[in-house]
Amino acid sequence: MTRCVALLRGIGPSPNMRNEHLRRAAEGVGLQAVGTVISSGNVVFETDDADLPGLESRLETAWFQTLGFNSTTIIRTQAELERMLDAEPFGKLEHGPRTYLLVTFGKARLLPRFKVPYRPRGRGYRVIAARPREIFTVTDNTQVPTPDVMSWIEEEFGKEVTSRTWLTVGRILKRMGN
């Protein structure tokens, strides 16, 4: 069994997006030991299925057929998240009121048109690290609101991405048993 997390894009507080509904839909496609982490579309589970892109598609279909909404779904294994954590992409930086640490996960390979590290001109955020399917940004909250970085990420990488704070990634790993 492989321990994984499904990261859903655009999950909010609507009735059909509640954690108990997400868990039920995930169980409906055969996932085991299903749990959720905070109310932002993080579904942890175990699976024997090695076809993770196929599983992403089946979950996307399940969200629509059973709950009535569309959501890009990106799966990462516990081992992938642990390697990310071990790489310490944010170094000594801490997430807090002034500094927002964000990981953006891509469904496919993210191909930056810039060299990392990178600071977009006139913006209060910077890309400090990148992996093939993740980028790591730091936002100075005293300069620009976080949604500005989200718009920029979507412009750069398209809509098949979803972002989580570094704190949320830690919470997901803790829920997975790390």
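## Exercises on a four-stranded sheet and its two helices

Five bridges tie strand β1 (residues 2-8) to β4, and these two strands run antiparallel. Keep in mind that you're looking at a predicted model.

**Exercise 1. Work out the order of the strands in the open sheet, and find which strands stand at its edges.**

Step 1. Start with β1. Besides its pairing with β4, β1 is joined to β3 by six bridges, again antiparallel. For a concrete spot on each side, look at V5, which stands opposite R76 in β4, and at T2, whose bridge partner in β3 is T47.

Step 2. Now move on to β2. Three bridges pair β2 with β3 in the antiparallel sense; here T36 has V43 of β3 as its bridge partner.

Step 3. Put the pairs together and you get the order β2-β3-β1-β4, an open sheet of four strands with antiparallel pairing. β2 and β4 (73-77) each have a single partner strand, so they stand at the edges, and one side of each has no neighbour in the sheet. On average, neighbouring strands here are turned by 20 degrees against each other, direction ignored.

**Exercise 2. Find out which strands each helix lies across, and how covered β3 is.**

Step 1. Take α1: this helix lies across β1, β2 and β3, and runs at about 160 degrees to β2.

Step 2. Then take α2: this one lies across β1, β3 and β4, at about 140 degrees to β4.

Step 3. Check β3 itself. Five of its six residues are buried, so the strand is mostly covered.

**Exercise 3. Describe how α1 and α2 pack against each other.**

Step 1. What do you need to know? Two packed helices are described by the angle between their axes and the distance between the axes.

Step 2. For α1 (residues 19-28) and α2 (residues 52-67), the angle is about 120 degrees and the axes are 9 Å apart. Angles of 65 to 115 degrees count as roughly perpendicular and those over 145 as roughly antiparallel; α1 and α2 are therefore oblique to each other. Their crossing is right-handed.

Step 3. Look at who does the touching. From α1 come H21, L22, R24, A25 and A26, while α2 brings L59, A62, W63, T66 and L67. Sorted by class, that contact has seven nonpolar, two polar and one charged residues.

**Exercise 4. Track down backbone oddities at A33, I38 and P117.**

Step 1. Recall the usual picture: most residues other than glycine have a negative phi, and most peptide bonds are trans.

Step 2. A33 isn't a glycine, yet its phi is positive, near 50 degrees. You'll find A33 in strand β2 (residues 32-36). With 45% relative accessibility, A33 counts as partly exposed.

Step 3. I38 has a positive phi too, near 40 degrees. I38 belongs to the β2 and β3 hairpin, which has five residues between the strands. Is I38 buried or partly exposed? Its relative accessibility is 38%, and buried would mean under 20%, so I38 counts as partly exposed.

Step 4. Finish with the peptide bond between V116 and P117: it's cis, with omega about 5 degrees. P117 sits in the loop between β5 (99-106) and β6 (125-131).

Technical notes. Residues are numbered from 1 along each chain as its sequence is written. This is a predicted model: local features need pLDDT of at least 70, side-chain atom pairs count only at pLDDT 80 or more; totals for chains, interfaces and linings use all residues. Side-chain values use heavy atoms; hydrogens and water are left out. Axes are lines fitted to C-alpha atoms, for helices over the stretch in contact, and angles run from 0 to 180 degrees between N-to-C directions. Angles under 35 degrees count as roughly parallel, over 145 as roughly antiparallel, 65 to 115 as roughly perpendicular and the rest as oblique. A crossing is left-handed if the near helix is turned anticlockwise from the far one by less than a right angle, and right-handed if clockwise. Contact means heavy atoms within 4.5 Å. Ala, Val, Leu, Ile, Met, Phe, Trp, Tyr, Cys and Pro count as nonpolar, Asp, Glu, Lys and Arg as charged, and the others, Gly among them, as polar. Buried means under 20% relative accessible area, exposed over 50%, partly exposed in between (1.4 Å probe, protein chains only). Two strands pair if DSSP finds at least two bridges between them.
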